[in-house]
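Me: I have a structure open on my screen and would like to talk it through with you, piece by piece. Could you start wherever you like?

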Amino acid sequence: QVQLVESGGGWVQPGGSLRLSCAASGSIFSINAMGWYRQAPGKERELVAAITSGVSTNYADSVKGRFTISRDNAKNTVYLQMNSLKPEDTAVYYCHAKASSTGRYYFNYWGQGTQVTVSS
């Protein structure tokens with residue numbers, strides 16, 4: 001089993017910045033992709049940003065140029081630097097990892113979620 005623990009959420013004014021962190025632990029053989037999703041009230045969960053083990057990245061159009069995803073493979077940790085935050089970025093942010101405990105099968109794992117609120 002793999003556990004994901006997120007940190008770094010909170011309240012910030014429009015235009016401000018936050019940095020989310022997510023550390024994976026447990027029985028980890030390897031982690032393929034890691035990423036961040038978010039879910040606002042009344043909306044479906046959506047991809048925010050993802051990064052592969054080879055550090056190829058993918059961003060939602062709504063966050064391109066404002067958010068940066070990075071990864072420390074040695075620490076099994078993924079980060080999301082969020083700049084120029086807007087009220088529409090308000091959501092619960094979930095960490096995701098596609099990981100294997102054996103190297104044979106990969107499964108999707110999710111963190112518990114961290115609230116990000118952008119308001120004045």
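**A chat about the model**

Reply: This is a predicted model, and a convenient place to begin is Ser84, which counts as partly exposed because its relative accessibility is 40%.

Me: Where does Ser84 sit?

Reply: Ser84 is found in the loop between β8 and β9, and its phi is near 50 degrees, a positive value in a residue other than glycine. Most residues other than glycine have a negative phi.

Me: And what about Asn76, what is its phi?

Reply: Asn76 also has a positive phi, about 50 degrees, although it is not a glycine. Asn76 belongs to the loop between β7 and β8, and with a relative accessible area of 24% it is partly exposed.

Me: OK, on to the sheet with β7 and β8, what is its strand order?

Reply: The sheet is an open one of 4 strands in the order β1-β3-β8-β7, and the pairing is antiparallel. β1 (2-7) and β7 (67-72) each have a single partner strand, so they stand at the edges with one side lacking a neighbour in the sheet. On average, and ignoring direction, neighbouring strands of this sheet are turned by 15 degrees against each other.

Me: How many bridges hold β7 to β8?

Reply: There are 6 bridges between β7 and β8 (residues 77-82), and the two strands run antiparallel; within this pair, Ile69 stands opposite Leu80 in β8.

Me: And at the other edge, how many bridges join β1 and β3?

Reply: β1 and β3 pair over 6 bridges, in the antiparallel sense, and Val5 has Ala23 in β3 as its bridge partner.

Me: Which side chains of β1 are buried?

Reply: Val2, Leu4 and Glu6 point to one face and are buried, while Gln3, Val5 and Ser7 point to the other face and are not buried. In a regular strand the side chains alternate between the two faces of the sheet.

Me: Switching to cysteines, how many disulfides are there?

Reply: The count comes to 1 disulfide, formed by Cys22 and Cys95 with their sulfur atoms 2.0 Å apart. Since Cys22 lies in strand β3 (residues 18-26) and Cys95 in strand β9 (residues 91-100), the pair ties together parts that are 73 residues apart in sequence.

Me: Is that pair buried or exposed, and which hand does the link have?

Reply: Both Cys22 and Cys95 are buried, and the link is left-handed, with -85 degrees about the S-S bond.

Me: What about the largest nonpolar core, how many residues does it have?

Reply: The largest nonpolar core has 31 residues, and those with the most contacts inside it are Trp36, Leu80, Met82 and Tyr93. At least two residues each are supplied by β1, β3, β4, β5 (46-51), β7, β8, β9 and β11, and the largest share, 5 residues, comes from β9.

Me: Back to single residues, is Arg38 buried or exposed?

Reply: Arg38, placed in strand β4 (residues 30-39), counts as buried because its relative accessibility is 6%, and buried means under 20%.

Me: Which side chains does its side chain make polar contacts with?

Reply: The side chain of Arg38 is joined to that of Glu46 by a polar contact of 2.7 Å, and it makes another polar contact, of 3.3 Å, with the side chain of Ser62. Leaving aside neighbours within four places in sequence, Arg38 is in contact with a set of residues that includes Val48, Phe67, Asp89 and Tyr93.

Me: Gly35 is in β4 too, so what does Gly35 touch?

Reply: Not counting residues up to four places away in sequence, Gly35 touches Ala49, Ala50, Ile69, Tyr94, Cys95 and His96. Gly35 counts as buried at 1% relative accessibility.

Me: Last one, where does Gln115 lie?

Reply: Gln115 lies in strand β11 (residues 114-118) and counts as partly exposed at 38% relative accessibility. Although Gln115 and Gly9 are 106 residues apart in sequence, their C-alpha atoms are 5.4 Å apart in space.

Me: What does the Gln115 side chain reach?

Reply: The side chain of Gln115 reaches the backbone oxygen of Ala91 at 3.4 Å, and Ala91 is one of the residues that Gln115 touches, among them also Gly10, Thr90 and Val92, when residues up to four places away in sequence are not counted.

Notes: Residues numbered from 1 in each chain as written. Predicted model: local features only at pLDDT ≥ 70, side-chain atom pairs only at ≥ 80, totals over all residues. Heavy atoms only, no water. Pairing = 2+ DSSP bridges. Axes fitted to C-alpha atoms, helices over the stretch in contact; angles between N-to-C directions. Disulfide = S-S within 2.5 Å. Buried < 20%, exposed > 50% of the residue type's maximum accessible area, 1.4 Å probe, protein only. Polar contact = N/O pair within 3.5 Å; in protein donor to acceptor, adjacent residues only side chain to side chain. Contact = heavy atoms within 4.5 Å. Core = buried A, V, L, I, M, F, W, Y, C linked by side-chain atoms within 4.5 Å.
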